[in-house]
Amino acid sequence: MKAIRVALCVLVLRFAGAAKILGVFSIPSISHQLVYRSLMKELHSRGHHITVLTPDPLRDPSLQNYTEIDLSAAYSVWQDKFNTLTENRDKGRYLIFTSLQLAQMGIDLCEVELNFPNVRNFFQENNTFDLVMTEWILSPCFHAIGHKYEVPVIGISSVPPAIIVHHSVGNPAHPAYAADVLLGYTDHSTFIQRVHATIHYILLLFAYRFWILPAHDAVVRRHFNNNAIPYIEDVVNNVSLILTCSHFSVQSSRPNMPAVVDIGGMHLRLPQPLPEVLNNIVAFQDLKNFLDGASQGVIYFSLGTNVRSDKMSVEKRQIFLDAFSELQDFRILWKWELDELPGQPCNVKVAKWLPQEDILRHPKMNVFIYQGGMQSTEEAIRAQVPVIGIPFFADQDVNVKKMVELGVGIYVEYEDITKEIILDAIRKILYNPSYKENMKKISKIARDQTKRSLDRAVWWTEYVIRHKGAHHLRSAALDIKWYQYLLLDVIAFISIVFIFMSWLILLITRFIVRTIKSRSSLRSKKTDFNLHEPTQVQ
């Protein structure tokens with residue numbers, strides 16, 4: 001009976017502290033959603049009531065107190081815009097073209113998703129919440145939901161944050177060593193890269209202040225019809241906390257305010273045997289045998305969920321087919337989104353979907369060819385598999401460059417791909433043991449943490465709930481004018497004082513010089529007068 005009473009007390013205490021949490025995760029990409037899903041499910045397991053707006057709902061009726069609002073219709077809009085973005089990706093290297101395109105995608109996502117009938121109906125209901133968590137990558141408009149329910153907001157990002165995200169909590173983002181993630185520069189930039197990063201920083205903040213924020217504010221006014229909501233910049237700058245999927249072992253080390261908490265690798269789970277993952281999927285029944293039977297090893301090729309390899313040109317596809325056909329001693333697993341792959345070599349197996357995390361941990365895995373996505377990078381590091389990166393957009397470029405810098409990967413430019421380049425990159429990793437050894441070292445550093453990233457994310461989430469917000473974590477930089485933040489008033493004051501003092505010193509110097517000259521002239525005249533004065537006769 002005593003044990004029962006203790007158990008009941010624990011149960012009561014657990015649910016007495018339960019909070020109602022609303023998660024708003026707008027980007028239609030399963031790799032992003034897996035990160036947020038892991039946190040929502042963990043919070044749910046700890047007794048909190050969860051409501052989630054997501055384009056990838058679980059649809060699990062066994063989950064009690066776990067409500068989902070389906071945003072999956074946004075996938076069609078996202079994919080159309082994403083294809084345009086990848087086609088023009090090179091322009092972003094020299095301008096802020098990519099940043100502005102992504103900003104427009106964020107504005108469009110706000111407009112489209114807030115206009116879904118099920119979303120409109122949801123916000124018209126008389127709901128109450130204790131906390132709102134929003135995906136803070138492209139769409140600051142969703143922060144207004146926190147103000148609607150008069151509760152704190154936590155922003156969460158499944159990728160290293162862009163400058164405007166750091167800006168929202170006053171986090172330093174110095175372009176010399178912490179350039180915007182979209183530029184693809186590491187913390188060891190060249191002079192030209194620093195010039196580019198500085199210009200990009202100024203132009204992006206200008207666009208953020210005078211175009212992006214006003215556009216999101218207009219969307220908020222249109223859909224919530226509430227003039228009591230402050231201007232969107234004030235709402236965004238009031239965010240309590242930002243959870244970001246980054247870690248110093250993968251990204252460059254940088255200073256963070258207490259309001260920014262790294263939760264890199266949060267979606268990673270314990271290994272699962274392939275049969276358990278694949279039992280109910282007929283197409284994968286022989287996958288384990290395919291991997292186990294690789295005499296020399298396995299090469300895994302996947303461009304993720306946003307970049308579809310079936311959209312490659314016939315010419316590019318043939319390059320990979322020709323390269324893989326020359327590696328007959330190895331087995332290649334290719335994430336291919338169609339039922340058939342024309343010209344498929346006998347050592348290649350294709351599938352529309354694969355349990356990537358478990359495949360990478362297979363003992364025969366040698367090389368991972370990927371697009372440089374953050375979650376795939378974390379999974380490769382955990383599995384200790386060297387990578388060949390073919391980046392397309394956003395953070396992928398800098399992720400791959402960091403892998404090269406760490407000595408665990410090779411960078412391949414998609415536009416320059418040839419059969420020889422692919423084969424050379426694969427053979428370098430296969431026959432140079434340094435890539436594998438370096439990956440083991442990085443993996444050890446990434447795993448050496450005081451607590452799991454997921455536990456850290458849960459603790460900070462509940463911290464914000466306990467204190468009904470975390471305004472005290474914000475930087476005072478948000479409360480001062482931009483010219484004060486840049487010390488322009490101080491520089492102007494010092495400059496004026498310096499100019500005045502220089503002018504004063506100059507005046508004094510000129511006065512002294514003139515005085516000396518005047519006295520010298522007077523003395524000279526007096527001497528001349530004495531020399532020419534007539535001598536008196538005695």
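**Charged side chains in a predicted model**

Modeller: In this predicted model, Arg46 forms a salt bridge with Glu42, and their closest N and O atoms are 3.0 Å apart.

Biologist: What makes the contact between Arg46 and Glu42 a salt bridge?

Modeller: A salt bridge requires a side-chain nitrogen of Lys or Arg within 4 Å of a carboxyl oxygen of Asp or Glu. The N and O atoms of Arg46 and Glu42 are 3.0 Å apart, so the pair satisfies the cut-off. Glu42 and Arg46 also belong to a network of salt bridges with Arg452 and Asp455.

Biologist: Why is Glu42 called buried, and why is Arg46 called partly exposed?

Modeller: Buried means under 20% relative accessible area, and exposed means over 50%. Glu42 has 18% and is therefore buried. Arg46 has 30%, which lies in between, so Arg46 is partly exposed.

Biologist: How do you know that Lys316, in helix α12, has no salt bridge?

Modeller: The nearest side chain of opposite charge, Glu315, is 6.1 Å away. A salt bridge needs the atoms within 4 Å, so Lys316 does not qualify. Lys316 is buried, and touches Tyr414, Glu415, Asp416 and Ile417, not counting residues up to four places away in sequence.

Biologist: Why are Asp397 and Lys401 separated by about one helical turn?

Modeller: They are separated in this way because they lie four residues apart in helix α15. Asp397 and Lys401 form a salt bridge, with their closest N and O atoms 3.1 Å apart.

Biologist: What makes His467 partly exposed?

Modeller: Its relative accessibility is 45%. This value is neither under 20% nor over 50%, so His467 counts as partly exposed.

Technical notes: Residues numbered from 1 in each chain as written. Predicted model: local features only at pLDDT ≥ 70, side-chain atom pairs only at ≥ 80, totals over all residues. Heavy atoms only, no water. Buried < 20%, exposed > 50% of the residue type's maximum accessible area, 1.4 Å probe, protein only. Lys, Arg positive; Asp, Glu negative; His and termini not counted. Contact = heavy atoms within 4.5 Å. Helix = DSSP H or I, 4+ residues; strand = E, 2+ residues; numbered from the N terminus.
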